[in-house]
Amino acid sequence: MSILLKESAKLIRESNFTFAFTGAGISVESGIPPFRGEHGLWNKYDPQVLDLGYFLNNSEHCWTYIREIFYDFFANAKPNDAHRILAKMESNKLLKAVVTQNIDNLHYEAGSETVYEFHGNSKKLKCLKCGKVYDAGDIDFENIPPKCVHDGEVLKPNFIFFGEGIPPDAYADSFAAAEKAEVCIIVGSTGEVTPASYVPRTAKQAGATIIEINPEETIFTSSITDIYLKGKATEVLRQLGELLF
Ligand code: APR
């Protein structure tokens with residue numbers, strides 16, 4: 001892989017616009033399970049708990065699982081070296097942005113500044129009636145479903161549920177980056193969810209070189225990937241970092 005790593009580092013150094021597209025895999029080494037694959041969350045939980053229509057009619061039932069998956073699991077997760085190296089690439093002007101499908105806030109906590117959160121962020125909750133936004137840290141998750149102090153309405157995590165639209169700014173910023181990209185680095189995504197997976201595909205169509213980091217091959221690998229760096233996000237990005245910094 002060292003030839004592929006050297007080629008990747010050369011492309012990144014010479015690129016005028018590189019962005020990263022990250023999925024659940026980049027946070028696995030922070031202790032957050034992926035959604036799919038052998039230890040995937042959707043093997044254990046029914047994705048219906050994140051279906052907007054079902055949630056609106058079964059909020060207490062859904063919140064039992066949402067708390068367990070996204071607040072018990074995620075609460076203590078910390079950024080890993082993969083998040084930190086992407087942040088260092090940005091500060092060294094080698095990366096313009098991170099487009100992430102993840103809602104765990106770890107790119108920001110690692111120091112990345114330009115992060116487009118395609119699926120929102122679990123650290124905020126929103127009242128479905130008056131729109132008041134709450135910090136997850138201020139919520140007493142012993143009493144679920146959490147309610148709005150103003151109107152008693154159920155609060156919803158500020159990440160998108162199945163059936164919800166993508167946050168408009170994140171959507172526009174992500175595809176604008178993809179159109180300008182010379183290099184796109186895909187880290188830890190199956191590419192199975194749309195429209196998120198159209199972002200790296202748009203970069204490819206716009207002429208970008210696609211570098212993919214994943215221990216497993218994906219539907220990206222056989223379709224748009226130019227350089228496949230097989231391995232865990234921390235291992236590959238540490239090696240790439242040694243060539244870049
Ligand atoms: N390093 C890099 N990649 C890894 C690692 C690791 N240590 N461990 C697992 N992976 C890879 C898996 O091989 C898989 O390709 O991470 C990917 C995880 O895939 P998914 O769980 O499908 O994650 P993602 O592609 O981000 O899912 C997209 O699906 O449920 C929705 O909204 C949710 O944002 C999520 C979206």
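How many nonpolar, polar and charged residues does the shell around the ligand have? In this predicted model, that shell has nine nonpolar, 10 polar and four charged residues.

So who's in the neighbourhood? There are 23 residues around the ligand, and those that come nearest are Phe35, Arg36, Ser189, Thr190 and Asn214. The shell draws on both domain 1 (1–32 + 78–119 + 166–245) and domain 2 (34–76 + 121–159), so the ligand lies between the two.

Some of the polar pairings are worth a look. Here they are, side by side:

| Residue | Atom on the residue | Atom on the ligand | Distance |
|---|---|---|---|
| Ala24 | backbone N or O | oxygen | 2.8 Å |
| Gly25 | polar backbone atom | nitrogen | 3.4 Å |
| Asn214 | polar side-chain atom | oxygen | 2.8 Å |

Ala24 and the ligand meet through a backbone atom, while Asn214 brings a polar side-chain atom to an oxygen of the ligand. As for cover, the ligand on its own would expose 740 Å², and the protein buries 90% of that.

Now for the space itself. The ligand takes up the largest pocket, which holds about 1100 Å³ of space. Its lining counts 50 residues, with Ala24, Gly25, Pro34, Phe35 and Arg36 closest to the centre of the pocket. Ala24 and Gly25 turn up here again, after their contacts with the ligand. Sorted by class, the lining of this pocket has 24 nonpolar, 17 polar and nine charged residues. Domains 1 and 2 both give residues to this lining, so the largest pocket lies between them too.

What volume does the second largest pocket have? It comes to about 200 Å³. Among the residues that line this second pocket are Gly120, Lys126, Cys127 and Leu128. Lys156, Pro157, Asn158, Phe159 and Ile160 also belong to that lining, as do Glu164, Gly165 and Pro167.

Definitions and conventions: Residues numbered from 1 in each chain as written. Predicted model: local features only at pLDDT ≥ 70, side-chain atom pairs only at ≥ 80, totals over all residues. Heavy atoms only, no water. Near = heavy atom within 4 Å. Polar contact = N/O pair within 3.5 Å; in protein donor to acceptor, adjacent residues only side chain to side chain. Areas by Shrake-Rupley, 256 points an atom, 1.4 Å probe, with all protein chains shown as cover. 1 Å grid on protein atoms, 1.4 Å probe; cavity = no way out; pocket = protein on both sides within 12 Å on 5 of 7 lines; lining within 4 Å. Sits in = over half its atoms within 2 Å of the grid points. Nonpolar A, V, L, I, M, F, W, Y, C, P; charged D, E, K, R; others polar. Domains from an automatic or database assignment. Points joined across faces, edges and corners; volume = space filled by probe spheres on them.
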